[in-house]
Amino acid sequence: MRIQTLYLLPLIILLSSCSKEVDLNAASNETDNKNYNWRLVTAWPKNYPGLGMAPERIAKLVEEMSNGQMKITVYGAGEQVPAFGVFDAVSNGSHQMGHSGGYFWKGKAPAAQFFTGVPFGLTADEINAWTNRGGGIELWREVYEPFNIYPIPAGNTGTQMFGWFNKEINSLDDVKGLKMRIPGIGGEVLKRAGGIPVTLPGGELFTALQTGVIDATEWVGPYNDLTFGFQQVAKYYYYPGWHEPGSMLELLINKDEWDALPKHLQVIIDTAAKAVNQDILDEYTAKNNKALRELVDVHGVELRKLPDDVIAEFKVISNQILEENAAKDELVNKVYQSYKQFKEEVSAYHKVSEDSFVEARNN
Ligand code: CA
């Protein structure tokens with residue numbers, strides 16, 4: 001008898017686990033098989049190279065991976081909501097998804113800026129590591145929770161350029177009174193240095209610069225800036241992009257809609273966004289240099305490096321502002337402490353690894 005029971009035991013276990021799976025499937029069948037047609041609004045012009053292609057590629061991957069069960073229609077800025085209306089549209093559920101940059105929402109959620117990037121902060125690889133493996137994503141979801149939004153990283157521009165100017169910047173005096181489009185904490189730094197920061201969507205920048213509404217603008221880097229034609233209305237192209245060292249883009253999902261999705265679609269969306277997060281960075285890395293050569297060699301743009309003492313002054317002001325902002329808001333402080341500690345640790349290792357290697361390779 002004992003031997004018979006032993007023989008039967010694996011069969012009994014197998015049968016009982018099968019019936020459990022059948023029960024689970026029966027319970028969730030209705031949601032699992034439902035078709036989903038979602039709308040995604042963005043802060044970028046429709047099909048804009050780089051940033052604007054991130055949501056398009058996520059939509060395509062999700063549709064393919066889900067075998068057509070989920071279709072996402074992507075709308076450019078202004079098609080359904082204005083560029084800066086994306087966060088509210090996802091928050092209030094008028095649209096299930098959005099694609100944008102967290103630092104646009106500093107007026108609503110000041111801590112959101114860390115999830116795009118802050119001046120003299122983390123590079124693309126580093127912010128990905130902090131977000132995915134260093135506690136960042138949990139903090140980000142905490143910051144967006146009150147807005148009923150579930151964020152996922154979805155693209156990175158890499159290190160940006162400081163931007164387009166019609167006068168040389170030789171000292172901080174040269175930014176006094178300068179009206180420049182520069183979002184996020186970079187804008188706060190410019191303000192404290194005597195400049196006038198403006199936040200405008202990308203699609204409005206060329207005209208604003210051409211008509212003198214603004215004196216200068218930053219946007220992304222050569223690959224994107226060339227497409228907007230800033231070389232036609234500005235003479236100097238300044239680097240480095242101290243204000244945006246590796247800006248991460250965001251996929252925003254209405255949290256009620258996210259929670260109601262079957263698990264396999266959540267995994268598909270998360271995996272598609274992760275793939276696109278890297279793909280967009282690869283696109284910028286592959287295309288920036290050729291675009292920069294075209295700007296300089298074909299369009300005669302004057303490439304300038306900010307003087308070292310100006311960069312050093314911007315850094316002092318940046319750190320002051322980050323500390324002050326953290327002291328004013330508990331959640332900002334919580335995110336700042338995590339970001340700061342990660343930056344210190346990763347910088348220490350990168351100093352002896354990547355930084356010293358790149359120096360050895362390039363010199
Ligand atoms: Ca920028």
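## Calcium donors along the chain

Along the chain, the donors of the calcium ion follow the spacing Q-x57-E-W-x24-E. Glu-218 sits in the loop between E8 and H8 while Glu-244 sits in the loop between E9 and E10, so this pair ties together parts that are 26 residues apart in sequence. In this predicted model, the ion is coordinated at 2.2 to 2.8 Å by Gln-160 through OE1, by Glu-218 through OE atoms listed twice, by the backbone O of Trp-219, and by an OE atom of Glu-244.

## The annotated binding site

An unreviewed UniProt entry places the feature "binding site" at Gln-160, Arg-181, Glu-218 and Glu-244. These positions are spread over 85 residues of sequence, yet they cluster in space, with a largest C-alpha distance of 14.1 Å. Of these residues, Gln-160, Arg-181 and Glu-244 are included in the lining of the largest cavity.

## Surroundings of Glu-218 and Glu-244

Glu-218 is found in the loop that runs between strand E8 (216-217) and helix H8 (222-228). Its relative accessibility is 0%, and because buried means under 20% relative accessible area, Glu-218 counts as buried. The side chains of Glu-218 and Arg-181 are joined by a polar contact of 2.4 Å. When neighbours within four places in sequence are left aside, the residues in contact with Glu-218 include Gln-160, Met-161, Phe-162 and Gly-163, as well as Met-180, Arg-181, Ile-182 and Pro-183, and also His-243 and Glu-244.

Glu-244, for its part, is placed in the loop between strand E9 (236-239) and strand E10 (248-254). With a relative accessibility of 1%, Glu-244 also counts as buried. Beyond neighbours within four places in sequence, Glu-244 is in contact with Tyr-103, Gly-158, Thr-159, Gln-160, Pro-183, Glu-218 and Trp-219.

## The cavity

How many cavities of 30 Å³ or more does the count give? The count comes to one cavity of 30 Å³ or more, and the volume of the largest cavity is about 90 Å³. Its lining is made up of 14 residues, and those that lie nearest its centre are Trp-44, Leu-51, Tyr-103, Gln-160 and Val-220. Gln-160 therefore appears both in this lining and among the donors of the calcium ion, while Tyr-103, another of the residues nearest the centre, is in contact with Glu-244.

## Thr-42 in strand E1

Thr-42 belongs to strand E1 (residues 36-42) and is buried, with a relative accessible area of 2%. Its side chain reaches the backbone oxygen of Trp-44 at 3.0 Å, and Trp-44 is one of the residues that lie nearest the centre of the largest cavity. Not counting residues up to four places away in sequence, Thr-42 touches Pro-55, Val-74, Tyr-75, Gly-76, Ala-77, Ala-83, Val-86 and His-99.

## Helix H4 and its cover

In helix H4 (residues 124-133), the buried residues are Ala-124, Glu-126, Ile-127, Asn-128, Trp-130 and Thr-131. What covers these buried residues includes helix H5 (136-144), strand E4 (149-156), strand E10, helix H10 (263-297) and helix H12 (330-362). Just after H4, Gly-135 takes a positive phi of about 95°.

Terms used
Residues are numbered from 1 along each chain as its sequence is written. This is a predicted model: local features need pLDDT of at least 70, side-chain atom pairs count only at pLDDT 80 or more; totals for chains, interfaces and linings use all residues. Side-chain values use heavy atoms; hydrogens and water are left out. UniProt positions are given in the numbering used here, feature names are shortened, and annotations may be inferred rather than shown by experiment. On a 1 Å grid over the protein atoms alone, a cavity is a set of points where a 1.4 Å probe fits but cannot get out, and a pocket is an open set with protein on both sides within 12 Å along at least five of seven lines; lining residues have an atom within 4 Å of a point. Helices (H or I, at least four residues) and strands (E, at least two) are DSSP runs, numbered from the N terminus. Buried means under 20% relative accessible area, exposed over 50%, partly exposed in between (1.4 Å probe, protein chains only). Contact means heavy atoms within 4.5 Å. A polar contact is a pair of N or O atoms within 3.5 Å; within protein, one must be able to donate a hydrogen and the other to accept it, and residues adjacent in sequence count only if both atoms are side-chain atoms. Donors are N, O and S atoms within 2.8 Å of the metal (3.2 Å for Na, K and Ca); water is not among the atoms, so sites may look incomplete. Grid points are joined across faces, edges and corners, and a volume is the space filled by probe spheres set on the points.
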